[in-house]
Amino acid sequence: MIKKIGKNLKKRKVKIFSIFLLASSLAWFLNKLSESYISNTTFKLNYENVPKGYLLNSVSKQDLDVKLEAIGFQFLSFGLSAKEINIDLSKEEIKDSKIVLSAKEIQKQIDESLPNSMLLKDLDKEAIYFKLVKIITKEIRVQADVNLTLQKNCMLDGVISVKPNSIKVTGPENEVETLERVNTTVIELNNIAENFSETAQIIIPKTLKNTSFSAESIVVKGNVSRFSEKIIDNIPIIVTNLPKGITVKTFPDRAKVLCKAKLDVLKKLGQNNFVVTADYKSMLQGKDKVLLQIKSSPEDIYNASLLQNKVTYIIKK
């Protein structure tokens with residue numbers, strides 16, 4: 001029993017001694033942390049507020065070696081966080097697309113960024129050099145890539161619209177100045193019989209890493225109408241480039257034109273809406289027949305073709 005009691009007392013003494021040792025060590029450690037120290041460290045420099053109209057192209061230094069003075073507590077908390085300093089370039093003077101940041105200005109900005117309890121004792125005295133690229137804005141054309149096929153007896157009513165048909169690009173002068181247009185992804189429209197509206201993405205060249213676009217996509221629209229056919233006959237054949245004193249008679253002297261258009265347009269068409277010609281100069285080649293051409297036709301028809309595009313002729317002097 002006595003041995004057991006003695007053993008327990010011994011363990012208790014060890015525990016008490018350990019507690020006192022820990023407490024004294026902690027007190028010593030806290031006392032040391034309250035003292036002032038000088039230490040070297042390296043800041044990662046983040047450059048912000050590049051002057052308007054320019055883009056940062058390259059910089060001579062990304063990190064900066066400094067010497068700091070602070071109490072131990074400050075260094076302890078400082079070591080747990082990322083050592084980064086923001087450097088403001090908004091007020092710096094630009095010469096030939098370059099900025100030179102002096103050691104004095106660097107020190108000033110770092111002093112302003114440090115906590116009040118931390119003092120900058122020394123730093124790398126070398127200036128920092130920046131190369132800038134001038135930013136420009138240019139309006140360029142959008143080239144829509146559309147593959148369109150229509151159903152039988154259907155026609156495109158008007159032109160295909162692309163909105164926007166041009167966009168603004170903003171970026172470094174060397175990237176933007178040679179850019180004349182951008183293309184879109186392919187829009188496949190097969191066997192179409194009605195009005196359509198499709199979205200396509202603008203293809204941004206991979207080389208334009210620092211260029212922004214005012215739009216990333218476009219909308220392609222088109223109206224589709226059904227058409228019918230009508231033959232317009234009794235259209236006079238006019239001989240052009242005919243010299244004075246010469247007459248030409250063609251056989252036949254009237255032409256027929258097959259027209260494709262919307263029904264309401266076809267109803268209004270007549271022989272006066274077309275001009276069919278034969279060129280006297282081509283007759284001088286001595287061939288038996290001369291080629292006819294439709295020189296004039298209404299704009300709102302889908303297609304017009306001659307049922308007979310060659311005729312025989314007689315020249316009279």
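## Salt bridges and a network

A salt bridge is a side-chain nitrogen of Lys or Arg within 4 Å of a carboxyl oxygen of Asp or Glu. In this predicted model, K61, D124 and E126 are linked in a network of such bridges. The structure holds 6 salt bridges.

Look at K61 and D124. Their side chains meet with N and O 3.0 Å apart. The pair ties together distant parts of the chain, 63 residues apart. K61 sits in the loop between β2 (54-59) and β3 (63-71). D124 sits in the loop between β6 (119-123) and β7 (128-150). Is K61 buried or exposed? K61 has a relative accessible area of 9%. Buried means under 20%, so K61 is buried. D124 has 29% relative accessibility, so D124 counts as partly exposed.

## Two further bridges

E180 and K138 also form a salt bridge, at 3.5 Å from N to O. This pair again links distant parts of the chain, 42 residues apart. E180 lies in the loop between α4 (173-176) and β11 (181-192), while K138 belongs to strand β7. E180 counts as exposed, at 57% relative accessibility.

K260 pairs with E229 in another salt bridge. Their closest N and O atoms are 3.8 Å apart. Which strands does this bridge link? K260 is in strand β18, and E229 is in strand β16 (residues 228-240). The two residues are 31 apart in the chain. K260 is partly exposed at 24% relative accessibility. E229 is partly exposed too, with a relative accessible area of 44%.

## A sheet of strands

Strands β16 and β18 both belong to an open sheet. How many strands form this sheet? There are 7, in the order β17-β22-β20-β19-β16-β18-β21. Their pairing is mixed. Strands β17 (247-251) and β21 (303-306) stand at the edges. Each has a single partner strand, so one side of each is left without a neighbour in the sheet. From one strand to the next, the twist averages 40°.

Now follow one edge. Strand β18 (residues 254-261) pairs with β21 in the antiparallel sense. The pairing runs over 4 bridges. Within this part of the sheet, C259 stands opposite A304 in β21.

## A buried charge without a partner

Turn next to E92. This residue lies in the loop between β4 (84-88) and β5 (98-101). E92 is buried, yet has no salt bridge. How far away is the nearest side chain of opposite charge? That side chain is K108, and the distance is 8.0 Å. A salt bridge needs the atoms within 4 Å, so E92 and K108 do not make one.

What does E92 touch instead? Leaving out residues up to four places away in sequence, E92 contacts I99, V100, L101, E105 and Q109.

## The whole protein

Now step back. The secondary structure of the protein comes to 6 helices and 22 strands. The protein has 317 residues, and 29% of them are buried. Its exposed surface is about 21100 Å². Carbon and sulfur atoms supply 50% of that surface.

How do contacts span the chain? Take contacts between residues at least 6 apart in sequence. Of these, 74% join residues at least 24 apart. The salt bridge between K61 and D124 links residues 63 apart.

Definitions and conventions:
Residues are numbered from 1 along each chain as its sequence is written. This is a predicted model: local features need pLDDT of at least 70, side-chain atom pairs count only at pLDDT 80 or more; totals for chains, interfaces and linings use all residues. Side-chain values use heavy atoms; hydrogens and water are left out. Two strands pair if DSSP finds at least two bridges between them. Axes are lines fitted to C-alpha atoms, for helices over the stretch in contact, and angles run from 0 to 180 degrees between N-to-C directions. Buried means under 20% relative accessible area, exposed over 50%, partly exposed in between (1.4 Å probe, protein chains only). Lys and Arg count as positive and Asp and Glu as negative; His and the chain ends are not counted. Contact means heavy atoms within 4.5 Å. Accessible areas come from the Shrake-Rupley method with a 1.4 Å probe; for residues, only the protein chains shown count as cover.
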